2 protein chains.
Amino acid sequence: MKSPIAIAIHGGAGTLTKALITPEMELKYTTALEEAVKIGYAVLSSGGNAVDAVAASVVSLEDCPLFNAGKGAVFNAVGKHEMDASIMDGSNLKAGAVALVKGVRNPVLLAKEIMQHSEHVFLAGEGAEEFARAHGLSFEDAAYFYNALRYEQWQTLKDSDTFSLDHSVEVTDKKFGTVGAVALDNLGNLAAATSTGGMTNKKFGRIGDSPVIGAGTYAANESCAISCTGHGELFIRSVVAYDIACLMTYKGLSLKQACDVVVHDKLVKIEGEGGLVALDAKGNIEMPFNSEGMYRASIDMKGTLFSAIYK
Amino acid sequence: MKSPIAIAIHGGAGTLTKALITPEMELKYTTALEEAVKIGYAVLSSGGNAVDAVAASVVSLEDCPLFNAGKGAVFNAVGKHEMDASIMDGSNLKAGAVALVKGVRNPVLLAKEIMQHSEHVFLAGEGAEEFARAHGLSFEDAAYFYNALRYEQWQTLKDSDTFSLDHSVEVTDKKFGTVGAVALDNLGNLAAATSTGGMTNKKFGRIGDSPVIGAGTYAANESCAISCTGHGELFIRSVVAYDIACLMTYKGLSLKQACDVVVHDKLVKIEGEGGLVALDAKGNIEMPFNSEGMYRASIDMKGTLFSAIYK
């Protein structure tokens with residue numbers, strides 16, 4: 001029997017509310033999601049590894065202005081784009097993470113470079129940008145990251161103490177803009193990656209769960225690959241991604257059971273809104289969320305393409 | 001029966017090698033450790049809570065030039081002191097963390113302020129310093145952080161691509177300078193805190209495990225409180241602190257068994273040198289390390305004071 005390959009991605013649990021989305025917008029999002037998941041799947045189906053597959057899908061999502069990562073990153077309190085990302089290789093538990101970088105076109109590729117070509121795991125700020133330049137990563141100017149909708153979102157919040165996590169123009173909503181991917185390659189290796197622009201109008205160098213290994217991202221062949229999206233502070237406190245891995249490894253739960261416990265029970269109890277994409281070494285895919293929606297897509301072991309926004 | 005109180009602290013697994021330490025130096029270190037553990041214990045014995053106790057002990061260690069945190073923080077690649085810290089309250093799983101802050105006298109108090117008086121968990125860099133100023137935290141100038149030994153360590157590494165994690169002047173050694181504390185108060189609440197100056201000559205805004213909730217610091221009343229010290233990159237990849245908690249909660253291991261698995265088996269296999277202090281809600285203390293030594297001290301349920309550097 002051929003070894004299974006599979007991939008699942010998300011574009012954030014911070015969806016536009018169902019009541020507000022137009023059919024045209026919905027189509028735009030699902031088209032972008034399907035394109036991104038196919039790009040990662042193409043890596044896998046041509047014999048590429050899981051790390052390259054998740055990086056390729058996340059790059060596609062970072063390059064798309066619809067999602068809060070890379071090109072589509074939201075404005076922070078001083079009108080800049082500060083981005084976080086991480087990646088983990090389930091075959092050797094190597095990881096790379098980056099926080100609060102500006103100007104880097106694809107933060108996930110910087111995380112991958114840190115993982116593969118440095119002694120470090122986690123770099124941040126100007127130092128991380130210096131590392132990116134030294135390693136030849138692509139940079140873009142402010143015009144590249146400018147987006148009229150994001151600018152409008154920021155203008156609504158600017159000069160206030162409010163911040164917003166989302167896609168929504170409804171600033172009272174708490175929404176979570178992040179992108180991520182998990183993949184299983186034909187050698188049975190898992191990988192996970194996550195990337196985000198954080199919260200609109202964020203201050204104080206706030207870091208969410210996306211670059212935190214164990215919280216926003218985790219991968220180990222013996223358990224699962226996880227990429228999260230949600231209220232970052234609560235995901236950090238709950239060590240969400242590694243919690244799912246531990247429920248499988250130490251308690252013997254299936255991927256689905258572990259996801260249910262964490263997303264629909266533990267996170268709900270602390271009002272930790274959000275979701276995640278998950279994959280185990282057998283190729284089982286789970287994409288649970290406790291928010292109204294989560295932009296998501298997958299191609300399973302049978303090659304079946306799936307994409308959705310709401311429940 | 002009176003509820004047990006207990007506390008354990010560490011001053012890093014990056015000890016001077018036993019062959020090099022003088023009896024005078026050894027006495028200096030154990031005296032400072034005993035002073036710091038007594039300060040936290042005094043908080044507990046007067047009815048104070050575990051969060052205040054770990055913060056008090058860590059402040060004492062940060063204010064002591066012997067340890068790589070606060071006043072004793074090492075020099076980074078550009079001759080500055082960039083510090084990381086975190087704290088977690090086991091009673092409610094609230095947490096605060098700070099990375100790459102300069103000039104803040106007591107990074108652990110900044111982490112505590114973030115935990116108790118913000119919507120955030122993790123702040124970094126200049127943004128975190130801005131938050132610190134807005135919340136009235138104490139700042140110190142470069143003279144306060146200057147230390148002849150640290151300067152000499154930096155001069156040895158400066159203009160090289162080498163970095164060092166430690167207390168040692170032997171730059172070829174990999175040593176890990178960090179301080180931390182875990183405490184159990186008379187209400188049965190656990191807390192943990194960690195603080196570090198990182199690696200001598202560190203570049204690129206490198207962040208280790210100290211400010212990463214789940215890796216360097218974790219506390220939950222139902223399992224344990226943990227503060228780590230060691231090769232941060234490997235501790236992040238291993239999600240060390242939360243791994244011990246999960247082995248207890250999901251697999252039913254005792255604190256000692258869980259510490260043994262993680263420190264003496266899993267970390268050893270990946271050459272993850274270091275150690276940790278651990279405490280459970282029954283007041284059991286563990287202080288395992290796989291390095292040559294770990295500066296450590298504790299006061300147990302019976303009120304017995306212990307301090308040591310080597311095995």
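**Stop 1: the interface.** Show chain A and chain B together in this predicted model. The area buried between chain A and chain B is about 3,500 Å². Carbon and sulfur atoms give 65% of that area. Now colour the contacting residues on each side. You should get 40 residues in chain A and 39 in chain B. Next, pick out Phe204(A), Arg237(A) and Tyr250(A) as sticks. These residues of chain A lose the most area to chain B. Together they account for 24% of what that side buries.

Compare the two selections. Of the interface residues of chain A, 98% are also interface residues in chain B, so the copies meet through the same surface.

**Stop 2: the symmetry.** What rotation superposes chain A on chain B? Run the fit: the rotation is 180°, with 0.0 Å of shift along its axis. The RMSD is 0.0 Å. The two copies are thus related as by a two-fold rotation axis.

**Stop 3: the helix pair.** Hide everything but α8(A) and α8(B). General background for this view: two packed helices are described by the angle between their axes and the distance between the axes. Here α8(A) and α8(B) pack at about 35°, and their axes are 10 Å apart. The crossing of α8(A) and α8(B) is right-handed.

Which residues make the contact? Select Tyr242(A), Asp243(A) and Cys246(A) on α8(A). On α8(B), select Tyr242(B), Asp243(B) and Cys246(B). Colour them by class: the contact of α8(A) with α8(B) has four nonpolar residues, two charged and no polar ones.

**Stop 4: the sheet of chain A.** Bring back the strands. Four of them form an open sheet in the order β8-β9-β10-β11 (chain A), with antiparallel pairing. Residues 217-219 are β8 and residues 285-286 are β11; both stand at the edges of the sheet in chain A. Each has a single partner strand, so one side of each is left without a neighbour in the sheet.

Zoom in on β9 (residues 224-230) and β10 (residues 274-280) of chain A. These two strands pair in the antiparallel sense over seven bridges. For a landmark, centre on Cys228(A), which stands opposite Leu276(A) in β10(A).

Now add the helices. Helix α8 (residues 240-249) of chain A packs on the sheet, touching β8, β9 and β10 of chain A. The direction of α8 makes about 145° with that of β9(A). Add helix α9 (residues 255-269) of chain A, which lies across β9, β10 and β11 of chain A. Helix α9 runs at about 165° to β10(A).

**Stop 5: the sheet of chain B.** Switch chains. The open sheet of four strands has the order β8-β9-β10-β11 (chain B), paired antiparallel. Its edge strands are β8 (217-219) and β11 (285-286) of chain B, and each pairs on one side only.

Look at the β8 edge. Three bridges join β8(B) to β9 (residues 224-230) of chain B, and these strands run antiparallel. Which residue of β9(B) is the bridge partner of Thr217(B)? Click on Ser227(B).

Then show α9 (residues 255-269) of chain B. This helix lies across β9, β10 and β11 of chain B, at about 165° to β10(B).

**Stop 6: the hairpin.** Return to chain A and select β12 (residues 293-299) and β13 (residues 305-310). Five bridges join these antiparallel strands of chain A. Ser298(A) has Phe306(A) of β13(A) as its bridge partner. Finish at the turn, where five residues lie between β12(A) and β13(A). Check the backbone of Gly303(A) there: phi is positive, near 85°.

Note on methods: Residues numbered from 1 in each chain as written. Chains lettered and ligands numbered in written order. Predicted model: local features only at pLDDT ≥ 70, side-chain atom pairs only at ≥ 80, totals over all residues. Heavy atoms only, no water. Pairing = 2+ DSSP bridges. Contact = heavy atoms within 4.5 Å. Axes fitted to C-alpha atoms, helices over the stretch in contact; angles between N-to-C directions. Left-handed = near helix turned anticlockwise from the far one by under 90°. Nonpolar A, V, L, I, M, F, W, Y, C, P; charged D, E, K, R; others polar. Least-squares fit on C-alpha atoms with pLDDT ≥ 70 in both. Buried area = accessible area lost by both parts, 1.4 Å probe.
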